[in-house]
Amino acid sequence: MKWTRRKALVGMGAALGATLQPAEPAEGAAAKKPGKRRRTLRIAHLTDVHVQPERHAGEGLAACLAHVHSLKDRPDVIFNGGDMIMDSLGCNWTRAKTQWDLWQKTVKENSSIPVEHCLGNHDVWGWDKKNSGCTGAEPLYGKRAALDILGLSGRYRSFDRGGWHVVVLDSTHAVPNGVYTARLDEAQFEWLAGDLAATPAGTPILVLSHIPILCGCAFLDGDNAKSGDWVVPGSWMHLDARAIKDLFWKHRNVKLCLSGHIHLQDRLDYNGVTYLCNGAVSGAWWKGNYHETPPGYALVDLYDDGSFDHQYVETGWKPKE
């Protein structure tokens with residue numbers, strides 16, 4: 001999320017001492033009777049790591065990865081939900097590269113599970129021109145740096161895995177009189193419509209985005225007592241949520257949407273689609289719990305009948321100075 005709004009493995013014991021916080025079983029509408037379905041994919045959804053040299057964030061990421069790898073029922077894949085680094089929107093390239101180098105080094109040294117990446121707003125370099133000193137003409141400006149570092153060919157994409165179709169979106173949209181807002185650009189929306197139309201109706205679909213398409217927790221992240229009204233900025237939740245939910249309504253095999261960004265955990269069910277906002281590995285940016293949500297990640301099990309199970313995993317990470 002926008003930092004201005006709130007302006008080495010470590011202790012295997014701490015990592016392995018983490019606890020599971022089960023959510024209610026989240027099953028798709030086509031769920032079969034118990035015992036009749038077959039799990040086809042287990043996902044560890046890690047989002048909002050916000051790695052940085054400060055506050056032992058690299059050690060915290062390493063401890064989180066250690067916990068994921070220590071599970072007896074190890075995930076098949078990690079879905080990285082974005083905001084990998086603390087911030088590159090408003091810093092110079094030296095600072096941005098320092099954060100990216102730490103991310104790359106920590107993941108390489110502590111993970112053997114394949115990773116699918118989704119870009120977050122803090123992974124974009126230089127859009128805050130006043131603080132970054134960027135002109136916009138730099139070769140790595142904007143999302144180019146993150147795409148090159150992560151080896152991604154584009155901002156959004158889709159692929160098939162475990163009998164499911166997975167769509168990865170790019171939520172962060174530049175605006176002239178601000179840094180960013182949450183929406184799909186016209187080309188991406190048209191691509192999404194075509195991608196969903198090309199997916200067989202019998203194939204369940206999972207959508208991964210950094211910023212929530214829909215969520216409830218965004219309403220609790222502001223101060224409505226001060227404003228006297230419910231205020232959810234366009235950078236907290238997709239402004240085009242209505243258009244996206246209308247598109248999903250045409251494709252009833254869209255079952256599950258995963259996001260982060262808010263650093264809180266919630267579940268919203270609407271029109272047969274479950275929207276899960278899955279907390280943050282960094283919690284309150286490596287300062288402990290954010291409101292009631294502790295540092296953690298999510299485990300998501302996908303099944304052959306279009307159903308799924310979900311649980312939030314507390315890593316047990318404690319803040320360090």
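Where is the place of Glu59? In this predicted model, Glu59 sits in helix H2, and with a relative accessible area of 25% this residue is partly exposed. The cut-off for a buried residue is under 20% relative accessible area, so Glu59, at 25%, does not count as buried. Glu59 also offers a handy link to another part of the chain: Thr106 is 47 residues away in sequence, yet the two C-alpha atoms are 8.2 Å apart in space.

Before going further, a word on confidence is useful. The chain has a mean pLDDT of 90, and 89% of its residues reach 70 or more. Residues 2-32 deserve some care, as pLDDT stays under 50 over this stretch, for which the model has 75 contacts beyond four places in sequence.

Helix H2 itself is mostly covered, with 12 of its 14 residues buried. Among the buried residues are Gly58 and Gly60, the neighbours of Glu59 in sequence, along with Leu61, Cys64, Leu65 and Val68. The length of H2 is as expected: 14 residues at 1.5 Å a residue should span 20 Å, and the end C-alpha atoms are indeed 20 Å apart. Leading into this helix is the loop between S2 and H2, where Arg55 is found. Arg55 has a positive phi of about 55 degrees although it is not a glycine, and at 22% relative accessibility this residue counts as partly exposed.

The largest nonpolar core brings H2 together with other elements. This core has 29 residues, and those with the most contacts inside it are Leu46, Trp103 and Tyr297. At least two core residues come from each of strand S2 (39-46), helix H2 (57-70), helix H3 (93-110), helix H5 (144-150) and strand S13 (296-303). H2 gives the most, with six residues. In soluble globular proteins, nonpolar side chains tend to be buried together. What does Leu46 touch, leaving aside residues up to four places away in sequence? Its partners include Cys64, Leu65 and Val68, three residues that are buried in H2, and also Ile78, Phe79, Asn80, Gly81, Val281 and Tyr297.

One of these partners, Asn80, is placed in strand S3. At 2% relative accessibility, Asn80 counts as buried. Its side chain reaches the backbone nitrogen of Gly82 at 3.2 Å. Beyond four places in sequence, Asn80 touches both Leu46 and Trp103, as well as Val115, Glu116, His117, Cys118 and Leu208. Asn80 is thus in contact with two of the residues named above for their contacts inside the core.

Helix H3 is the next element to consider. At 1.5 Å a residue, its 18 residues should span 26 Å, and the end C-alpha atoms are 25 Å apart, which agrees. Which residues of H3 are buried? They are Ala96, Gln99, Trp100, Trp103, Thr106, Val107 and Asn110. These residues cover an arc of only 130 degrees around the axis, which puts them on the same side of H3. An α-helix has 3.6 residues a turn, so residues three or four places apart point the same way. The buried residues of H3 pack against H2, strand S3 (77-80), strand S4 (115-117) and H5. On the face turned away from this buried side, H3 carries the exposed residues Thr94 and Lys108. Thr94 also takes part in the cap at the N-terminal end of the helix, where a side-chain oxygen of Asn92 lies 3.2 Å from the backbone nitrogen of Thr94.

Two further loop residues complete the picture. Trp286 is placed in the loop between strand S12 (273-278) and S13. Phi of Trp286 is near 70 degrees, a positive value in a residue other than glycine, and with a relative accessible area of 1% Trp286 is buried. His238 lies in the loop between helix H7 (224-227) and helix H8 (241-250). Is His238 buried or exposed? With a relative accessible area of 4%, His238 is buried. Its side chain makes a polar contact of 2.9 Å with the side chain of Ser171. Not counting residues up to four places away in sequence, His238 touches Ser171, Ala182, Arg183, Leu184, Ile211, Pro212, Ile213 and Ile244.

Definitions and conventions. Residues are numbered from 1 along each chain as its sequence is written. This is a predicted model: local features need pLDDT of at least 70, side-chain atom pairs count only at pLDDT 80 or more; totals for chains, interfaces and linings use all residues. Side-chain values use heavy atoms; hydrogens and water are left out. A nonpolar core is a set of buried Ala, Val, Leu, Ile, Met, Phe, Trp, Tyr and Cys residues joined through side-chain atoms within 4.5 Å. Buried means under 20% relative accessible area, exposed over 50%, partly exposed in between (1.4 Å probe, protein chains only). Helices (H or I, at least four residues) and strands (E, at least two) are DSSP runs, numbered from the N terminus. Contact means heavy atoms within 4.5 Å. The expected span of a helix is 1.5 Å times one less than its number of residues. The arc is that of the directions from the helix axis to the C-beta atoms. A polar contact is a pair of N or O atoms within 3.5 Å; within protein, one must be able to donate a hydrogen and the other to accept it, and residues adjacent in sequence count only if both atoms are side-chain atoms. pLDDT is the predictor's confidence in each residue, from 0 to 100.
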